[in-house]
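User: Please take a close look at one part of this model, the way its helices pack together, and then follow the surroundings of that part outwards. I would like one connected account.

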Amino acid sequence: DELFEFLRSEIAKLPNEVLLEEIPKLLDKHVPYYNWTGFYLMDQEGMLVLGPYVGEPTEHVRIPVGRGICGQAAERKVTFIVQDVTQESNYLSCSPLTKSEIVVPIFRNDGSVYGEIDIDSHYIAPFDDRDRRFLEWVAKQITVRVVHWNEFERRIRIAY
Ligand code: SME
């Protein structure tokens, strides 16, 4: 799909240091059915903490693993697509406009969850395999260019 190809090349151009800040802006700007786009990052206590996002402010700034669609994706370590949020009982509502949601885990090298990409849509069933493939690629970019990079830098600092 052309749109996702364009977004991949835009993301590839971004410096590592601004990836987390810029990706939500880029996706929000170019994908009409991505209506809340952001990151949750796992803290030391296993709590998902709201990171950079674009969209309506949300009351869900800290989400325990297992709670809501975000918490379930972190617990099961798989991409979670809910095409109609009224059909999901374990759901934390952010906006009455939200009709569907996709959550993609971001992993560390050891397989643990670093965080996740969370996208809400005002449309029912807008997400397909292209969204999943693209967003899993984005998550992989974070793993390689943010998570690994930070760990590498930390090891360098300890060594010298
Ligand atoms: N709906 C999410 C909570 C986060 S908001 O979508 C930004 C959930 O059920 O986990």
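Analyst: In this predicted model, helices H2 and H4 pack with their axes 11 Å apart and at an angle of about 160°. Since angles over 145 degrees count as roughly antiparallel, H2 and H4 are therefore roughly antiparallel to each other. The crossing in which H2 passes H4 is right-handed. On the H2 side the meeting residues are Leu19, Leu20, Ile23 and Leu27, and on the H4 side they are Phe134, Leu135, Val138, Gln141, Ile142, Arg145 and Val146.

Helix H1 packs against H2 as well, at an angle of about 155° and with the two axes 11 Å apart, so that H1 and H2 are roughly antiparallel to each other. H1 passes H2 in a crossing that is right-handed, and the contact is formed by Leu3, Phe6, Leu7, Glu10 and Ile11 from H1 together with Leu19, Ile23, Leu26, Leu27 and His30 from H2. Leu19, Ile23 and Leu27 of H2 thus appear in the contact with H1, and Leu19, Ile23 and Leu27 also appear in the contact with H4.

The remaining pairing to consider here is that of H1 with H4, whose axes come within 11 Å and cross at roughly 10°. With angles under 35 degrees counted as roughly parallel, H1 and H4 are therefore roughly parallel to each other. Their contact involves Phe4, Leu7, Arg8, Ile11 and Ala12 of H1, and Arg130, Asp131, Arg133, Phe134, Trp137, Val138 and Arg145 of H4. Phe134, Val138 and Arg145 of H4 take part in this contact with H1, and Phe134, Val138 and Arg145 are also among the residues that meet H2.

H4 itself deserves a closer description. This helix covers residues 129-159, and because 31 residues at 1.5 Å a residue should span 45 Å, the 43 Å between its end C-alpha atoms agrees with that expectation. H4 nevertheless has a bend of about 30°, placed at Thr143, and Thr143 is itself listed among the buried residues of the helix. The other buried residues of H4 are Asp131, Phe134, Leu135, Val138, Ala139, Gln141, Ile142, Arg145, Val146, Val147 and Glu151. The buried residues of H4 pack against helices H1 (2-13) and H2 (19-30), and also against strands S1 (36-42), S5 (100-107) and S6 (113-121). Arg154, which also belongs to H4, is partly exposed, with a relative accessible area of 44%. The C-alpha atom of Arg154 is separated by 41 Å from that of Lys99, a residue 55 places away along the chain.

Ahead of H4, the loop between S6 and H4 holds Ala125, which has a positive phi of about 55° although it is not a glycine. Ala125 is partly exposed, with a relative accessible area of 46%.

Strand S1, one of the elements against which the buried residues of H4 pack, contains Thr37. Thr37 has a relative accessible area of 2%, and because buried means under 20%, Thr37 is buried. Leaving out residues up to four places away in sequence, Thr37 touches Pro24, Leu27, Asp28, Tyr53, Val54, Asp118 and Ile119. One of these partners, Leu27, belongs to H2 and is also one of the residues through which H2 meets H4.

Between S1 and strand S2 (47-54) lies the loop that holds Asp43. Asp43 is in contact with Val49 and Arg62, when its neighbours within four places in sequence are left aside. The C-alpha atoms of Asp43 and Asp129 are separated by 30 Å, with their positions 86 residues apart along the chain.

Helix H3 (residues 68-76) is mostly covered, with seven of its nine residues buried. The buried residues are Gly68, Ile69, Cys70, Gly71, Gln72, Ala73 and Ala74, and they pack against S1, S2, strand S3 (62-64), strand S4 (80-82), S5 and S6. S1, S5 and S6 are thus among the packing partners of the buried residues of H3, and S1, S5 and S6 are also among the partners of the buried residues of H4. H3 is followed by Lys77, in the loop between H3 and S4. Lys77 has a phi near 60°, a positive value in a residue other than glycine, and is partly exposed, with a relative accessible area of 40%.

Notes
Residues numbered from 1 in each chain as written. Predicted model: local features only at pLDDT ≥ 70, side-chain atom pairs only at ≥ 80, totals over all residues. Heavy atoms only, no water. Helix = DSSP H or I, 4+ residues; strand = E, 2+ residues; numbered from the N terminus. Expected span 1.5 Å × (residues − 1). Bend = angle between axes of the 7 residues up to and from the residue. Buried < 20%, exposed > 50% of the residue type's maximum accessible area, 1.4 Å probe, protein only. Contact = heavy atoms within 4.5 Å. Axes fitted to C-alpha atoms, helices over the stretch in contact; angles between N-to-C directions. Parallel < 35°, antiparallel > 145°, perpendicular 65-115°, else oblique. Left-handed = near helix turned anticlockwise from the far one by under 90°.
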